[in-house]
Amino acid sequence: MVTIGGFGALAFGACLLAPLVGSTPIHLARVFDRSIPFADNVDAQIFFVARLPRVLAAALVGSGLAVAGVVFQAILRNPLASPDTLGVSAGAALGAMLAITFHADFSLLSVSAVPLASFAGSLGALAIVYGLSAARRRGQSTMVLLLAGVTLTALLSAVVRFVQYLADFTETFQTVRWLMGSLDVAGYGPIVAAIVPMAVASVGFATLPRVLDLMSLGSEAAAARGVDVTRAERVALVSASLSTGAAVSLGGPVAFVGIIVPHLVRLIVGADHRLVLPASALFGAAFLIGCDLVARTALAPVELPVGIVTAIIGGPFFLWLLFRKA
Amino acid sequence: MLRVDNISFAYERSRAVLQGVSFEAGRGTILGLLGPNGSGKTTLLRLIAGTLTPLTGRVTLDAADVRRLSRRDLARKVAVVPQETHTTFDFTVLDIVLMGRYPHLGAFELEGADDVAIAHEALSATGTAHLAPRAFATLSGGEKQRVVIASALAQASSVLLLDEPTASLDLGYQIEIAALLTRLNRERGTTMVISTHDLNLAAALCTEIVLLRQGQVLARGATADVLTASNVRTLYGVDADVQFHPRAGHLTVVPIARAN
């Protein structure tokens, strides 16, 4: 509980402090000064209108990817699994790229074509995964699911590159930028849109912690202790894929968060998924807010793609933690 | 009363793994499943544990078909100890034992003080109380197996299925696990079904034995009646000397040579 409180404070602090940093310095005291009307309070306007949406997007994407990573690693019993493992990210990338290349121009509830198409792409990949998990009931091992996911990723990425190859330069450039991940959202609309599938996924996640503990002993051992393995796998795969799809359609396939954050958190809180799941959600949020802060300030006014920063900051930090322990 | 009633099973349609297997184990019985590799012992344990569905026949526990019980209800009645246990992540010994409490908890319920007390009692019963805070992965094979048995005890089931529980253990741990199982059976009246290749372990431990050969029951009954030189020869193709050992207090099997 104390640990979760600590991670919560970290995530909340990041949400509150990160919007203060930027090209125009603003002060927290003035932002929340109720004596100045909002229309006259420039600090509050910058905080709530210009910067907070982006910080909240980072928080959502970070926690969505981190929790999906935890679930995929546990359910596939493989510490190298990540939100990309089952092809969900690749599906999202394909959807986004098709929308960019063919100049799709539609929107739904203030969400524009690219995030909608990428979410649809991730759902398409999820449908294939779901079919695979049904086939798995006929006594196949998790290894089959893992290999099928890797194959699906390779296949979808090849299609992405094929369409890229045929597309013109502007579209290719846009696609490449999207694939690097960016949290530059306009307003709260996309955030609200991403919260809906994430809320659905959260209901699934809430049933999982102890099941994931048991599943990491193997599906037979879990079944012997009373876990309905087929149902648990289905809930886990669907929830994690929904969460990944929502995160990727909001921020692009931000690299590394989904694999590094779960392991970082396990090094701190241990293996118990009742701690690992919420702690990863909170730490994933704080981690990506921090990385995005670096991305938009390090070379200001030039903005780095956040996916590059996550790997450049996260990689060495994770290596240091691993070898310090050994 | 555990009853296996005319069970048949096949993984692939053309090759039957079990054919018309029947036997029963009364409350408090320690039943040994013996047979060569591929004779269907592990499959039979999976069918009893309800993780596989038989093609024909059924497994009943106090007259209830195990396939009609929910996973949770079945786990309260039957616990399983596999040959080896690996964890993907770094769980402590206490974590592992507490996992046995899963079928007794509601969907969002946390383990209470009584569950922790039951886990500690199970650790004490298996002589592993001092290991509680250790990382499971750092234990020796014998320690791991005792912890997994403790986890099964925490499950508080009346039937314990053990799949070659001593196969990867040295002689000292083999004796220790055997003594532990005998004691648990005496103190708690737990019914046990143990598959093993170790005939002397079976002789020391089991009150009844079922011999499996190519998926069919070759013989079943009291250990003294079934564990004979002639059955050992039929089962394994080995000439063996089977004698009552006065110091051990049970039959012993000394293999002599491959029979022709």
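pLDDT is the predictor's confidence in each residue, on a scale from 0 to 100. Keep that scale in mind for these close-ups, since the model shown here is predicted.

**View 1. Confidence along chain A.** Let us start with how chain A scores as a whole: its mean pLDDT is 84, and 94% of its residues reach 70 or more. Among the elements of chain A, the highest mean pLDDT, 92, belongs to helix α13(A), residues 273-297. At the other end, helix α5(A), spanning residues 113-136, has the lowest, with a mean of 79.

**View 2. A cluster of phenylalanine rings in chain A.** Over all chains, a search of the whole structure turns up seven aromatic pairs. One of them joins the sequence neighbours F47(A) and F48(A) in an edge-to-face arrangement, with 4.9 Å from centre to centre and 70° between the planes. The two partners also invite a look at their surroundings: F47(A) is buried because its relative accessibility is 2%, under the 20% cut-off. F48(A), in turn, has a relative accessible area of 27%, so this residue counts as partly exposed. Zoom out a little and you will find F47(A) and F48(A) in a cluster with F32(A) and F38(A), linked by ring pairs.

**View 3. Arginines over aromatic faces.** Here are two places where an arginine lies over a ring. R266(A) reaches across to the other chain, lying over the face of F89(B) at 3.8 Å from the ring centre. Within chain B, R72(B) lies over the face of Y102(B), at 5.3 Å from the ring centre.

**View 4. The six-stranded sheet of chain B.** Follow the strands in the order β6-β7-β8-β3-β9-β10 to trace an open sheet with mixed pairing in chain B. Its edges are β6(B), residues 78-81, and β10(B), residues 216-222, each of which pairs on one side only. From one strand to the next, the twist averages 15°. For a detail at one edge, look at β9(B), residues 208-213: this strand and β10(B) pair in the antiparallel sense over six bridges. Within that region, L211(B) has A219(B) of β10(B) as its bridge partner.

**View 5. Helices packed on the chain B sheet.** Two helices are worth a visit here. Helix α5(B), residues 141-154, packs on the sheet and touches β6(B) and β7(B), the latter at residues 159-163. The direction of α5(B) makes about 170° with that of β6(B). Helix α9(B), residues 229-236, also packs on the sheet, where its contacts are β3(B) (residues 30-34), β9(B) and β10(B). Its direction makes about 35° with that of β9(B).

Notes: Residues are numbered from 1 along each chain as its sequence is written. Chains are lettered from A and ligands numbered from 1 in the order in which they are written. This is a predicted model: local features need pLDDT of at least 70, side-chain atom pairs count only at pLDDT 80 or more; totals for chains, interfaces and linings use all residues. Side-chain values use heavy atoms; hydrogens and water are left out. Rings of Phe, Tyr and Trp (its six-membered ring) pair if their centres lie within 6.5 Å; planes under 30 degrees apart count as stacked, over 60 as edge-to-face and the rest as tilted. Buried means under 20% relative accessible area, exposed over 50%, partly exposed in between (1.4 Å probe, protein chains only). A charge sits over a ring if NZ of Lys or CZ of Arg is within 6 Å of the ring centre and within 35 degrees of the ring normal. Two strands pair if DSSP finds at least two bridges between them. Helices (H or I, at least four residues) and strands (E, at least two) are DSSP runs, numbered from the N terminus. Axes are lines fitted to C-alpha atoms, for helices over the stretch in contact, and angles run from 0 to 180 degrees between N-to-C directions. Contact means heavy atoms within 4.5 Å.
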